Amino acid sequence: MILVADSGSSKTDWLLKLSTGELKQFRTSGLNPYFLTEKEIVKILQEQASDMIADAPNIKEIYFFGAGCSSPDRHEILSNALSQLFPKSFISIDSDLLGCAYATCGHEKGFCCVLGTGSNISFFDGEDIHSGRHGLGYVLGDEGSGTWFGKALITDFLYGKMPAEISLKFNDEFHLDKEKVIKNVYQTNNPNSYLASFSKFLTEVRDTAYAQDLIRSGFIEFVNSDIKSYPQFHRYKCHFVGSIAYVFADELKSVCGENGIHVGKIIREPIHDLMEFIVKREAI
(Lines give C-alpha, C1' and ligand atoms only; values in the text may rest on other atoms or scores of the structure.)
Protein backbone atom coordinates (compact mmCIF):
# COMPACT_ATOMS: atom_id res chain seq x y z
CA MET A 1 0.00 0.00 0.00
CA ILE A 2 1.21 3.50 -0.93
CA LEU A 3 0.22 6.72 0.84
CA VAL A 4 0.73 10.07 -0.88
CA ALA A 5 0.19 13.46 0.74
CA ASP A 6 -0.02 16.97 -0.65
CA SER A 7 0.12 19.52 2.15
CA GLY A 8 -0.30 23.28 2.20
CA SER A 9 -0.60 25.55 5.19
CA SER A 10 -4.40 25.25 5.31
CA LYS A 11 -5.06 21.58 4.47
CA THR A 12 -3.43 18.27 3.64
CA ASP A 13 -4.87 15.87 1.07
CA TRP A 14 -3.97 12.20 1.57
CA LEU A 15 -4.54 9.45 -0.99
CA LEU A 16 -4.05 5.81 -0.05
CA LYS A 17 -3.71 3.16 -2.77
CA LEU A 18 -4.81 -0.18 -1.39
CA SER A 19 -3.36 -3.52 -2.52
CA THR A 20 -6.59 -4.04 -4.47
CA GLY A 21 -5.97 -0.86 -6.44
CA GLU A 22 -8.81 0.98 -4.67
CA LEU A 23 -8.13 4.56 -3.61
CA LYS A 24 -9.12 6.04 -0.24
CA GLN A 25 -8.91 9.80 0.26
CA PHE A 26 -8.50 11.66 3.54
CA ARG A 27 -8.13 15.32 4.50
CA THR A 28 -6.52 16.90 7.55
CA SER A 29 -5.35 20.35 8.53
CA GLY A 30 -2.22 21.70 6.89
CA LEU A 31 1.03 20.29 8.29
CA ASN A 32 3.56 23.05 7.70
CA PRO A 33 6.63 22.39 9.90
CA TYR A 34 7.45 26.11 9.95
CA PHE A 35 4.37 26.61 12.11
CA LEU A 36 3.91 23.23 13.81
CA THR A 37 6.08 21.14 16.10
CA GLU A 38 6.52 17.38 15.85
CA LYS A 39 4.11 16.84 18.75
CA GLU A 40 1.48 19.12 17.20
CA ILE A 41 1.65 17.23 13.90
CA VAL A 42 1.22 13.90 15.65
CA LYS A 43 -1.75 15.24 17.61
CA ILE A 44 -3.45 16.59 14.48
CA LEU A 45 -3.13 13.25 12.69
CA GLN A 46 -4.31 11.27 15.70
CA GLU A 47 -7.39 13.48 16.00
CA GLN A 48 -8.22 13.91 12.31
CA ALA A 49 -6.93 10.77 10.57
CA SER A 50 -7.61 7.82 12.85
CA ASP A 51 -9.03 5.73 9.97
CA MET A 52 -5.88 6.32 7.93
CA ILE A 53 -3.60 5.49 10.86
CA ALA A 54 -5.52 2.24 11.35
CA ASP A 55 -4.03 1.07 8.03
CA ALA A 56 -0.47 1.86 9.22
CA PRO A 57 0.70 -1.79 9.50
CA ASN A 58 -0.02 -2.33 5.80
CA ILE A 59 1.37 0.93 4.42
CA LYS A 60 4.80 0.25 2.93
CA GLU A 61 5.63 3.64 1.41
CA ILE A 62 4.70 7.25 2.24
CA TYR A 63 5.47 10.14 -0.10
CA PHE A 64 4.80 13.48 1.58
CA PHE A 65 5.01 16.73 -0.38
CA GLY A 66 4.46 19.82 1.71
CA ALA A 67 4.80 23.56 2.17
CA GLY A 68 7.64 24.38 4.52
CA CYS A 69 9.51 21.15 3.69
CA SER A 70 12.37 22.64 1.71
CA SER A 71 15.11 22.36 4.36
CA PRO A 72 16.63 19.32 6.15
CA ASP A 73 15.60 20.42 9.65
CA ARG A 74 11.96 20.80 8.54
CA HIS A 75 12.16 17.42 6.80
CA GLU A 76 13.16 15.93 10.12
CA ILE A 77 10.14 17.36 11.96
CA LEU A 78 7.72 15.74 9.48
CA SER A 79 9.70 12.52 9.21
CA ASN A 80 9.88 12.05 12.98
CA ALA A 81 6.17 12.75 13.37
CA LEU A 82 5.15 10.32 10.62
CA SER A 83 7.57 7.66 11.87
CA GLN A 84 5.78 7.62 15.23
CA LEU A 85 2.47 6.79 13.55
CA PHE A 86 3.76 4.69 10.63
CA PRO A 87 6.80 2.86 12.09
CA LYS A 88 6.93 0.20 9.35
CA SER A 89 6.76 2.59 6.40
CA PHE A 90 9.46 3.98 4.13
CA ILE A 91 8.97 7.75 4.36
CA SER A 92 9.98 10.33 1.74
CA ILE A 93 9.60 14.07 2.45
CA ASP A 94 9.82 16.69 -0.32
CA SER A 95 8.61 20.21 -0.98
CA ASP A 96 5.14 20.96 -2.28
CA LEU A 97 6.79 22.52 -5.33
CA LEU A 98 8.30 19.20 -6.38
CA GLY A 99 4.94 17.49 -5.89
CA CYS A 100 3.25 20.13 -8.01
CA ALA A 101 5.89 19.72 -10.71
CA TYR A 102 5.33 15.96 -10.81
CA ALA A 103 1.56 16.49 -11.01
CA THR A 104 1.66 19.10 -13.79
CA CYS A 105 4.89 18.76 -15.76
CA GLY A 106 5.36 15.02 -15.45
CA HIS A 107 8.75 14.51 -17.08
CA GLU A 108 8.66 17.64 -19.25
CA LYS A 109 10.42 20.93 -18.59
CA GLY A 110 8.29 23.80 -17.40
CA PHE A 111 7.43 26.22 -14.64
CA CYS A 112 5.24 25.22 -11.74
CA CYS A 113 3.49 27.88 -9.69
CA VAL A 114 1.63 27.47 -6.42
CA LEU A 115 -1.20 29.93 -5.83
CA GLY A 116 -3.09 28.76 -2.77
CA THR A 117 -2.79 29.94 0.82
CA GLY A 118 0.74 30.99 -0.11
CA SER A 119 2.55 31.34 -3.42
CA ASN A 120 5.78 30.07 -4.92
CA ILE A 121 7.40 29.17 -8.24
CA SER A 122 10.11 26.84 -9.49
CA PHE A 123 11.55 25.66 -12.79
CA PHE A 124 11.35 21.92 -13.39
CA ASP A 125 14.01 20.50 -15.73
CA GLY A 126 12.22 17.18 -16.20
CA GLU A 127 13.85 15.58 -13.16
CA ASP A 128 14.45 18.17 -10.45
CA ILE A 129 13.14 21.59 -9.46
CA HIS A 130 15.29 24.71 -9.45
CA SER A 131 13.87 27.19 -6.99
CA GLY A 132 14.56 30.87 -7.36
CA ARG A 133 14.60 33.61 -4.76
CA HIS A 134 10.94 33.20 -3.93
CA GLY A 135 8.86 31.45 -1.29
CA LEU A 136 9.53 34.19 1.27
CA GLY A 137 6.31 33.51 3.17
CA TYR A 138 3.32 35.60 4.10
CA VAL A 139 5.28 38.52 5.63
CA LEU A 140 7.77 39.13 2.83
CA GLY A 141 6.25 37.40 -0.19
CA ASP A 142 3.27 35.22 -1.18
CA GLU A 143 2.34 37.52 -4.05
CA GLY A 144 -1.03 36.66 -5.61
CA SER A 145 -1.89 34.11 -2.91
CA GLY A 146 -4.89 33.74 -0.65
CA THR A 147 -2.83 35.34 2.10
CA TRP A 148 -1.96 38.30 -0.14
CA PHE A 149 -5.59 38.85 -1.12
CA GLY A 150 -6.84 38.39 2.45
CA LYS A 151 -4.34 40.92 3.75
CA ALA A 152 -5.34 43.40 1.02
CA LEU A 153 -9.05 43.00 1.86
CA ILE A 154 -8.52 43.46 5.58
CA THR A 155 -6.31 46.54 5.22
CA ASP A 156 -8.68 48.11 2.69
CA PHE A 157 -11.56 47.53 5.10
CA LEU A 158 -9.78 48.87 8.17
CA TYR A 159 -8.32 51.86 6.29
CA GLY A 160 -11.72 52.71 4.82
CA LYS A 161 -10.53 52.19 1.24
CA MET A 162 -13.14 49.57 0.37
CA PRO A 163 -16.23 50.80 -1.53
CA ALA A 164 -19.08 51.47 0.92
CA GLU A 165 -21.45 48.75 -0.30
CA ILE A 166 -18.72 46.12 -0.36
CA SER A 167 -17.45 47.27 3.03
CA LEU A 168 -20.91 46.76 4.57
CA LYS A 169 -21.10 43.25 3.11
CA PHE A 170 -17.59 42.47 4.36
CA ASN A 171 -18.45 43.70 7.85
CA ASP A 172 -21.72 41.73 7.96
CA GLU A 173 -19.85 38.56 7.10
CA PHE A 174 -16.73 38.88 9.30
CA HIS A 175 -17.51 41.44 12.03
CA LEU A 176 -13.91 42.63 12.19
CA ASP A 177 -12.23 45.31 14.20
CA LYS A 178 -8.59 46.34 14.58
CA GLU A 179 -8.05 44.54 17.90
CA LYS A 180 -9.49 41.24 16.65
CA VAL A 181 -7.32 41.30 13.51
CA ILE A 182 -4.12 42.16 15.40
CA LYS A 183 -4.72 39.38 17.90
CA ASN A 184 -5.26 36.76 15.19
CA VAL A 185 -2.31 37.89 13.08
CA TYR A 186 0.26 38.40 15.82
CA GLN A 187 -0.80 36.19 18.72
CA THR A 188 -2.13 32.93 17.25
CA ASN A 189 -0.78 29.99 15.25
CA ASN A 190 -1.09 29.91 11.44
CA PRO A 191 -1.64 33.65 10.82
CA ASN A 192 -1.17 32.99 7.09
CA SER A 193 -4.18 30.66 7.03
CA TYR A 194 -6.19 33.20 8.99
CA LEU A 195 -5.40 35.92 6.45
CA ALA A 196 -6.06 33.60 3.51
CA SER A 197 -9.50 32.69 4.87
CA PHE A 198 -10.77 36.15 3.86
CA SER A 199 -9.88 35.64 0.20
CA LYS A 200 -13.08 33.62 -0.33
CA PHE A 201 -14.93 36.93 -0.05
CA LEU A 202 -13.61 37.87 -3.49
CA THR A 203 -15.79 35.19 -5.06
CA GLU A 204 -18.88 36.89 -3.62
CA VAL A 205 -18.05 40.29 -5.16
CA ARG A 206 -16.10 38.97 -8.13
CA ASP A 207 -18.02 40.92 -10.74
CA THR A 208 -17.38 44.31 -9.13
CA ALA A 209 -14.71 46.68 -10.40
CA TYR A 210 -13.10 46.66 -6.95
CA ALA A 211 -12.68 42.87 -6.91
CA GLN A 212 -11.47 42.68 -10.50
CA ASP A 213 -8.86 45.38 -9.87
CA LEU A 214 -7.67 43.57 -6.74
CA ILE A 215 -7.53 40.12 -8.39
CA ARG A 216 -5.62 41.46 -11.38
CA SER A 217 -3.26 43.44 -9.12
CA GLY A 218 -2.35 40.30 -7.19
CA PHE A 219 -1.68 38.27 -10.31
CA ILE A 220 0.27 41.10 -11.96
CA GLU A 221 2.48 41.29 -8.89
CA PHE A 222 3.06 37.53 -9.00
CA VAL A 223 3.89 37.68 -12.71
CA ASN A 224 6.32 40.57 -12.29
CA SER A 225 7.96 39.40 -9.06
CA ASP A 226 8.03 35.65 -9.62
CA ILE A 227 7.47 34.48 -13.20
CA LYS A 228 9.40 37.25 -14.96
CA SER A 229 12.38 36.75 -12.66
CA TYR A 230 13.20 33.80 -14.94
CA PRO A 231 14.66 35.15 -18.24
CA GLN A 232 13.37 32.07 -20.12
CA PHE A 233 9.80 32.39 -18.80
CA HIS A 234 8.38 32.71 -22.33
CA ARG A 235 10.02 29.48 -23.57
CA TYR A 236 8.15 26.95 -21.45
CA LYS A 237 4.61 26.33 -20.25
CA CYS A 238 3.69 27.76 -16.88
CA HIS A 239 1.50 25.44 -14.80
CA PHE A 240 -0.53 26.49 -11.76
CA VAL A 241 -1.72 24.60 -8.72
CA GLY A 242 -3.93 25.80 -5.88
CA SER A 243 -7.38 27.11 -5.03
CA ILE A 244 -6.65 30.74 -5.94
CA ALA A 245 -5.32 29.80 -9.39
CA TYR A 246 -8.25 27.46 -10.00
CA VAL A 247 -11.08 29.70 -8.78
CA PHE A 248 -9.75 32.80 -10.55
CA ALA A 249 -8.46 30.98 -13.62
CA ASP A 250 -10.08 33.42 -16.07
CA GLU A 251 -8.39 36.45 -14.53
CA LEU A 252 -5.11 34.54 -14.24
CA LYS A 253 -5.16 33.49 -17.90
CA SER A 254 -5.93 37.07 -18.95
CA VAL A 255 -2.98 38.53 -17.02
CA CYS A 256 -0.65 35.78 -18.27
CA GLY A 257 -1.77 36.31 -21.87
CA GLU A 258 -1.06 40.01 -21.62
CA ASN A 259 2.48 39.19 -20.50
CA GLY A 260 3.37 36.51 -23.06
CA ILE A 261 3.12 33.62 -20.60
CA HIS A 262 2.07 30.23 -21.99
CA VAL A 263 -0.37 28.72 -19.49
CA GLY A 264 -0.38 24.95 -19.11
CA LYS A 265 -2.42 23.04 -16.53
CA ILE A 266 -4.41 24.82 -13.84
CA ILE A 267 -5.46 22.33 -11.17
CA ARG A 268 -6.96 22.91 -7.76
CA GLU A 269 -5.62 19.84 -6.00
CA PRO A 270 -2.69 17.84 -7.39
CA ILE A 271 -3.17 14.76 -5.23
CA HIS A 272 -4.65 12.42 -7.88
CA ASP A 273 -2.17 13.46 -10.59
CA LEU A 274 0.60 13.11 -8.02
CA MET A 275 -0.45 9.60 -7.04
CA GLU A 276 -0.57 8.59 -10.70
CA PHE A 277 2.95 9.90 -11.25
CA ILE A 278 4.35 8.18 -8.13
CA VAL A 279 2.76 4.81 -8.96
CA LYS A 280 4.10 4.88 -12.53
CA ARG A 281 7.57 5.96 -11.37
CA GLU A 282 7.85 3.31 -8.67
CA ALA A 283 6.65 0.59 -11.09
CA ILE A 284 9.62 1.19 -13.44
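Trainee: In which helix does Ala81 lie, and why is this residue called buried?
Mentor: In this predicted model, Ala81 belongs to helix α3, which covers residues 72–85. Its relative accessible area is 0%, and a residue is called buried when that value is under 20%, so Ala81 counts as buried.

Trainee: Which residues does Ala81 touch, leaving aside its neighbours within four places in sequence?
Mentor: Ala81 is then in contact with Glu38, Ile41 and Val42. By contrast with those contacts, consider Asp142, which is 61 residues from Ala81 in sequence and 27 Å from it in space, C-alpha to C-alpha.

Trainee: What makes Ile44 count as buried or exposed?
Mentor: Ile44, in helix α1 (residues 38–48), has a relative accessibility of 14%. The cut-off for buried is under 20%, and therefore Ile44 counts as buried. Leaving aside neighbours within four places in sequence, Ile44 is in contact with Ser29, Leu31, Leu36 and Ala49. Its C-alpha atom is separated by 11 Å from that of Leu82, which lies 38 residues away along the chain.

Trainee: Why is Asn224 called partly exposed?
Mentor: Asn224, whose place is in helix α11, has a relative accessible area of 42%. Buried would require a value under 20% and exposed a value over 50%, so with 42% Asn224 is partly exposed. Not counting residues up to four places away in sequence, Asn224 touches Ser229 and Asn259.

Trainee: How do you know whether Thr104 is buried or exposed, and what does Thr104 touch?
Mentor: Thr104 lies in helix α4, and with a relative accessibility of 6% set against the cut-off of under 20%, it counts as buried. Beyond residues up to four places away in sequence, Thr104 touches Cys112, His239, Val241, Lys265 and Ile267.

Trainee: Why is the pair of Phe65 and Tyr102 called edge-to-face?
Mentor: By the rule for ring pairs the count comes to 18 aromatic pairs. In the pair of Phe65 and Tyr102, the ring centres are 6.0 Å apart and the planes make an angle of 85°. Centres within 6.5 Å make a pair, and planes over 60 degrees apart count as edge-to-face, so both values meet the rule and this aromatic pair is edge-to-face.

Trainee: Which parts does this pair tie together?
Mentor: Phe65 lies in strand β4 (residues 61–66) and Tyr102 in helix α4 (residues 96–104), so the pair ties together parts that are 37 residues apart in sequence. Phe65 is buried, and Tyr102 is buried too.

Trainee: Which residues do ring pairs link into a cluster?
Mentor: The cluster is made of Phe157, Phe170, Phe174, Tyr194, Phe198 and Phe201.

Trainee: How do you know that helix α6 has the span it should have?
Mentor: Helix α6 has 14 residues, 146–159, and at 1.5 Å a residue it should span 20 Å. The C-alpha atoms at its ends are 20 Å apart, which agrees with that expectation.

Trainee: What makes α6 largely enclosed by the rest of the structure?
Mentor: Of the 14 residues of α6, 10 are buried, and so the helix is largely enclosed. Among these buried residues are Trp148, Phe149, Leu153, Ile154 and Phe157.

Trainee: Which residue caps the N-terminal end of α6, and what is found just after the helix?
Mentor: Ser145 is the cap, with a side-chain oxygen 3.3 Å from the backbone nitrogen of Thr147. Just after α6, Gly160 takes a positive phi of about 75°. A positive phi is also found at His175, about 50°, although His175 is not a glycine; this residue lies in the loop between α7 (164–174) and α8 (178–186).

Trainee: Which members of the largest nonpolar core touch the most other members?
Mentor: This core has 46 residues, and Phe170, Leu176, Phe219, Ile227 and Phe240 touch the most other members. Its largest share, 7 residues, comes from helix α11 (residues 209–225). Apart from this core lies another one, of 29 residues, among them Trp14, Ile53, Ile77 and Ala81.

Terms used
Residues numbered from 1 in each chain as written. Predicted model: local features only at pLDDT ≥ 70, side-chain atom pairs only at ≥ 80, totals over all residues. Heavy atoms only, no water. Helix = DSSP H or I, 4+ residues; strand = E, 2+ residues; numbered from the N terminus. Expected span 1.5 Å × (residues − 1). Buried < 20%, exposed > 50% of the residue type's maximum accessible area, 1.4 Å probe, protein only. Polar contact = N/O pair within 3.5 Å; in protein donor to acceptor, adjacent residues only side chain to side chain. Phe/Tyr/Trp six-rings, centres within 6.5 Å; stacked < 30°, edge-to-face > 60°. Core = buried A, V, L, I, M, F, W, Y, C linked by side-chain atoms within 4.5 Å. Contact = heavy atoms within 4.5 Å.
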